[in-house]
Amino acid sequence: MLDNYEVDRFGVIHQIDFTPIKYDKKYISYYEDLSDRTIKLGYQRLGWVLGITGEIPRSVLEIG
């Protein structure tokens, strides 16, 4: 296991020591500035899925 991580009894990996994130306007604006890049990466991931499966899926769920 990686340093600073542990696996609980259900098999879920948890970070042991961390600094909480402050979700303020500065944090949000950083990611809003990256929205175009995020959309393009989503299309690239979808292209990868299409290439691997060789067919068009009925639905796609992206978690990220």
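Me: Where is the place of I39?

Reply: You'll find I39 in helix 2. Bear in mind that this is a predicted model.

Me: Okay, and why is I39 called partly exposed?

Reply: Its relative accessible area is 47%. Buried would need under 20% and exposed over 50%, so a residue in between counts as partly exposed, and that's where I39 lands with its 47%.

Me: What makes the nonpolar surface patch that I39 belongs to?

Reply: I39 joins Y43, L46, L50, I56 and V60 there, and together they make a patch of about 630 Å². One of them, V60, sits in the segment after helix 2 (35–53).

Me: Why is V60 called exposed?

Reply: The cut-off for exposed is over 50%. V60 has a relative accessible area of 57%, so exposed it is.

Me: Switching to rings: how many aromatic pairs does the count come to?

Reply: Just 1 aromatic pair. The rings of Y23 and Y27 form it, with centres 4.9 Å apart, and the limit for pairing is within 6.5 Å.

Me: What makes the pair of Y23 and Y27 edge-to-face?

Reply: The angle does. Planes over 60 degrees apart count as edge-to-face, and the planes of Y23 and Y27 are at 85°, so the label fits.

Me: Are those two tyrosines buried or exposed, Y23 and Y27?

Reply: Y23 is exposed, since 58% relative accessible area beats the 50% cut-off. Y27 is partly exposed at 26%.

Me: Which element has the lowest mean pLDDT, and which the highest?

Reply: Helix 1 (residues 25–32) has the lowest at 85, while strand 1 (residues 5–7) has the highest at 95. The mean for the chain is 87.

Methods
Residues numbered from 1 in each chain as written. Predicted model: local features only at pLDDT ≥ 70, side-chain atom pairs only at ≥ 80, totals over all residues. Heavy atoms only, no water. pLDDT = per-residue confidence, 0-100. Helix = DSSP H or I, 4+ residues; strand = E, 2+ residues; numbered from the N terminus. Phe/Tyr/Trp six-rings, centres within 6.5 Å; stacked < 30°, edge-to-face > 60°. Buried < 20%, exposed > 50% of the residue type's maximum accessible area, 1.4 Å probe, protein only. Patch = residues over 30% accessible without salt bridge, like charges linked within 9 Å, V, L, I, M, F, W, Y side chains within 5 Å. Areas by Shrake-Rupley, 256 points an atom, 1.4 Å probe, with all protein chains shown as cover. Salt bridge = Lys/Arg side-chain N within 4 Å of Asp/Glu carboxyl O.
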